[in-house]
Amino acid sequence: WFAMQFLHPVPPRHVVFAAGPEHGALQAFALRYRAILAREGVTLDVKVTRGIAENLAMLHEARGGADAGFLVAGATGAGDTAGIENVGNVAYAPLWVLYRGEREVRDLVEFKGRRIATGAPGSGLAAVIAPVLAANGIDARSSRLFELPFDEALAALVRGEVDVAFLGEGPQHPEFIDALARPDVRLMDFARADAYARRFPWIRPLKLPAGTLDFQRNLPSREVQLIGSTVMIAARESLHPTIVDLLVDAAREVHGGNGFFEARGEFPDMHRVDDLPMSEQAVRYAQSGPTFLRRYLPLWLADFAQRVFTLALPFLLIALPA
């Protein structure tokens, strides 16, 4: 009976993962996770969602919903963390602010009174920038705010229908690079990036060197200071430890290299970035790696051997002397 308390159930072969909008960066990451977990015999059912708010709702659903999914630091409050853990931070989520005009703008407060695209309702972008805009006195009373997804916001900016576009995605889309190359569109350089990081704990200052986005067109033409948040894999506390381990392995394989802002080996990162607590299983696995059996046996055979050992040892200790 005592040994049974340490025996986990058999790992599930089907896991539901809440990704993000279709054709977005988060969905692309989740599809790569699916291929990695498939090598271990686990089917990752990637669900397309409207954004971070829907991901969070699916993680809280008592029945159905999602076992794991992407969240963005700053998008969850203290009341949203019950029963959910952070399995690992996997990437930076920069805030791309494109605006029209010949004069350079380096403070958000200067956009007050302008036509601003703030991101689709329920997206991680909308949740993260809301308090930032409020701190600069920008709201529906002082400015004209348009809740538009990435493609519509970018198109509206190019057509001159909005003056400013807050975007959660960028260089992975060719149309973003083309818009940035236009002479009437600028990428905002945040003069007070460090101040935002001090005021809002989930914000990170990020530097973008000149030419990083396009060498031929030298975009941006000089180093730009941005701000951003952190993308994390969140999971229910009840998620099987072996699946948590597999998600950490997938995150290491997908996000362990260089990026526009990430250094090689920087992610997955196991430091707490907001109100969501870190998974003890994920932290332990990231530090110690797989067990002896997992290193040399397939996943399901290793799990079977571990279960046999856990049950056989106390049985032999009692049965043989008897």
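A nonpolar core is a set of buried Ala, Val, Leu, Ile, Met, Phe, Trp, Tyr and Cys residues joined through side-chain atoms within 4.5 Å. The exercises below concern a predicted model.

**Exercise 1.** Identify the residues that touch the most other members of the largest nonpolar core, and the helix that gives the most to this core.

*Solution.* Step 1: the largest nonpolar core holds 71 residues, and those touching the most other members are Phe17, Tyr33, Phe70, Phe111, Phe166, Phe190 and Ile233. Step 2: helix H7, residues 241–255, makes the leading contribution with eight residues. Step 3: a separate core of 27 residues lies apart from this one and includes Leu208, Leu226, Phe261 and Phe267.

**Exercise 2.** List the contacts of Ile233, leaving aside neighbours within four places in sequence.

*Solution.* Among the contacts of Ile233 are Phe17, Tyr33 and Phe70. Ile233 also meets Gly69, Glu85, Asn86, Val87, Gly88 and Val90, together with Leu247 and Ala251.

**Exercise 3.** Check the length of helix H1 (residues 25–38) against its expected span, then state which of its residues are buried.

*Solution.* Step 1: the expected span is 1.5 Å times one less than the number of residues. Step 2: for the 14 residues of H1 this should give 20 Å, and the end C-alpha atoms are 20 Å apart, so the two agree. Step 3: the buried residues in H1 are Leu26, Gln27, Ala30, Tyr33, Ile36 and Leu37.

**Exercise 4.** Describe the surroundings of Asp269.

*Solution.* Step 1: Asp269 belongs to the loop between H7 and helix H8 (280–288). Step 2: beyond four places in sequence, Asp269 touches Gly88, Asn89 and Met278. Step 3: its side chain forms a polar contact with the side chain of His271 at 2.8 Å.

Note on methods: Residues numbered from 1 in each chain as written. Predicted model: local features only at pLDDT ≥ 70, side-chain atom pairs only at ≥ 80, totals over all residues. Heavy atoms only, no water. Buried < 20%, exposed > 50% of the residue type's maximum accessible area, 1.4 Å probe, protein only. Helix = DSSP H or I, 4+ residues; strand = E, 2+ residues; numbered from the N terminus. Contact = heavy atoms within 4.5 Å. Polar contact = N/O pair within 3.5 Å; in protein donor to acceptor, adjacent residues only side chain to side chain.
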